[in-house]
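Me: Could you take a close look at one small part of this model for me, and then place it in the rest of the chain? I'd like the pairing details before the overall picture.

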Amino acid sequence: MAGGMAWGRSTDVIKLEKIQKRTLLTISDLTDAWQPAIEGEYGLHCLESRRHYDNIKYLYKLFKMDDDRIPKRIISRKWTKNKTGSFVSHTNYITKRWRMNSPEEIDTASREDIAEDDPNIQNKIKNAWKSHAKIAMNLRKTVDNAKNHSENNKFYRHLIPSTNKIKSYLYCYNKGNKLKLAATTSSLVERKCPLCNQNDIILSRHILLTCGTTYKPRITTLNKLRINWKRNYDPIHFMNTLYNADPTNQIVSDYLETAATSYESALNKIELRTKTSEELLGKIIDIRQNGVWYRTRIVKYNNATGEVTIDSKHLDAWPFNYNILKIDELKTDELQAIKIRDNNSLSFTKLGSNAGKTIYIKGLPYKLIKYTGRNRYETSRGKINLNFFISNGSLNECPFNGTVAKRYASAKRRESNALRYGVT
Ligand SMILES: [Zn+2]
């Protein structure tokens with residue numbers, strides 16, 4: 001039906017709003033968000049506003065309709081009861097809330113700018129009404145957001161929601177910007193930080209702004225940005241700096257990406273705690289055996305025993321004569337002998353197949369852009385020899401690869417000591 005004569009709230013509308021939220025979460029790969037905020041970042045109106053906009057468009061149609069047309073007669077007739085639910089009262093409420101002029105006023109005002117014999121006069125007036133409605137709707141959204149003092153909106157109300165297009169940082173959806181979106185739109189789910197154990201924190205914001213595990217890179221970044229943190233560090237101010245930074249600002253991008261790495265490992269830790277062995281099928285994991293770490297992949301889940309089969313092919317060496325493990329035993333609090341990794345984790349046995357991954361050297365991200373042969377890569381920070389960096393221990397502190405990289409570095413050192421001391 002043109003213009004949508006259905007108005008008022010119904011459970012269907014709530015369902016549709018939920019679908020919009022779920023779609024946005026899928027697009028952004030987040031698990032939860034404060035809906036008005038994520039809509040604001042993607043430049044969408046809530047469905048209720050969009051329906052209101054349809055009603056407003058229809059209002060002008062009615063205004064142009066001859067008085068004896070049936071829809072107009074139905075809508076304009078005097079209601080004896082239940083008047084609050086009528087189209088007219090509902091639409092009047094919207095035009096008032098949006099601070100709009102009446103169709104008559106827009107009609108008169110538009111005619112002043114259009115030649116009387118313009119063949120498109122009707123269309124032009126209609127478009128003037130539509131754009132008047134759109135501007136009013138957008139302004140309303142901005143004002144509503146600033147005035148929304150609810151606990152959930154405490155953070156977002158200081159930002160300006162987009163009303164027509166996605167925010168520019170989302171065009172380049174790398175993991176740094178994903179963390180930025182997560183921190184910007186986070187709902188108020190308080191939990192314990194799996195990295196530093198602080199209680200009652202909002203994970204994305206905490207890791208970006210206050211977590212102990214991101215302290216060092218954060219201080220470096222604050223210094224580089226010349227933000228005073230020693231006297232009184234203001235997390236919200238820092239968040240705003242990160243949020244409003246130019247996309248080409250390397251200092252901010254580096255910090256976002258570094259913090260995003262911590263965020264991912266926090267999520268992986270939570271995942272490990274909450275997921276069953278079966279749900280971990282296909283995941284790359286690092287596990288500790290005899291005090292050192294090995295990288296492998298879960299390739300099979302055995303229903304009867306609850307054990308998993310692992311395969312280290314194209315990831316790492318596996319010198320043991322077994323390939324079946326019990327995940328639940330490895331993940332106990334005392335042992336903590338397993339870490340979930342993602343596709344960004346290096347292959348140590350096929351050094352040439354790591355293009356596209358990001359490694360960390362001295363806290364700085366190096367994106368491995370292109371493999372150029374003999375263990376060498378072109379990276380976002382110039383050419384490097386990956387094998388050399390692993391052997392000399394440069395990757396030992398890399399949050400993704402440090403565990404296993406240490407084994408390779410120390411093996412190399414043992415070798416050279418052996419050579420030096422003539423041990424064979
Ligand atoms: Zn923390």
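Which residue stands opposite Thr309 in S3? And what goes on around that strand?

Reply: Lys300 is the residue facing Thr309 in S3. Before going further, keep in mind that this is a predicted model: local features need pLDDT of at least 70, side-chain atom pairs count only at pLDDT 80 or more, and totals for chains, interfaces and linings use all residues. Residue numbers start from 1 along each chain as its sequence is written.

Now the strand itself. S3 covers residues 308-311 and pairs with S2 (residues 292-301) in the antiparallel sense, over 4 bridges. Strands here are DSSP runs of E, at least two residues long, helices are runs of H or I of at least four, and both are numbered from the N terminus. Two strands pair if DSSP finds at least two bridges between them. Another facing couple in this pairing is Ile298 and Ile310. S2 and S3 make a hairpin with 6 residues between them, and Gly306 in the turn has a positive phi of about 75°.

S3 also pairs with S4, again antiparallel, through 2 bridges. There Val308 has Leu325 as its bridge partner. The faces of S3 split neatly by residue: Val308 and Ile310 sit on the covered face, while Thr309 and Asp311 sit on the uncovered one. So the Thr309 you asked about is on the uncovered face, which puts a bit of context on its Lys300 neighbour across the pairing.

Zooming out one step, S3 is part of an open sheet of 5 strands in the order S4-S3-S2-S1-S5, with antiparallel pairing. Its edges are S4 (324-325) and S5 (338-341), each of which pairs on one side only.

Farther along there's another loop worth a glance, between S7 (364-373) and S8 (376-379), where Arg374 is placed. Phi of Arg374 is near 50°, a positive value in a residue other than glycine. Asn375 is in that loop too, with a positive phi near 65°. How do the two fare for exposure? Arg374 counts as exposed because it has 10 C-beta neighbours inside 10 Å. Asn375, with 17 other C-beta atoms within 10 Å, is therefore partly exposed. (The cut-offs: buried means 20 or more other C-beta atoms within 10 Å of a residue's own, exposed means 12 or fewer, partly exposed is in between, and C-beta atoms are placed from the backbone.)

What about the cores? A nonpolar core is a set of buried Ala, Val, Leu, Ile, Met, Phe, Trp, Tyr and Cys residues joined through C-beta atoms within 7 Å. The largest one has 19 residues, and those with the most contacts inside it are Leu179, Ile207, Leu208, Leu256, Ala259 and Tyr263. H8 (175-185), H9 (203-209), H11 (235-244) and H12 (250-274) each supply at least two of its residues, and H12 gives the most, 7. Leaving aside neighbours within four places in sequence, Leu208 is in contact with Leu179, Ala183, Met239 and Ala259. Contact means that two C-beta atoms, placed from the backbone, lie within 7 Å. A second, separate core of 16 residues includes Leu346, Phe348, Ile390 and Ala405.

As for the whole chain, it has 15 helices and 9 strands. The domain assignment gives domain 1 (11-76 + 84-158), domain 2 (170-274), domain 3 (277-341) and domain 4 (345-424); such bounds come from an automatic or database assignment. Domain 1 and domain 2 have centres 36 Å apart, taken over C-alpha atoms, and 11 residues of domain 1 are in contact with 10 of domain 2. On the domain 1 side, H2 (residues 35-42) brings the largest share, 3 residues.

Finally, the overall dimensions. The C-alpha trace spans about 105 × 55 × 45 Å along its principal axes. The radius of gyration is 29 Å, whereas a compact globule of 424 residues would come out near 22 Å; that radius is taken over C-alpha atoms, and the globule rule is 2.2 Å times the number of residues to the power 0.38. Of the 424 residues, 26% count as buried.
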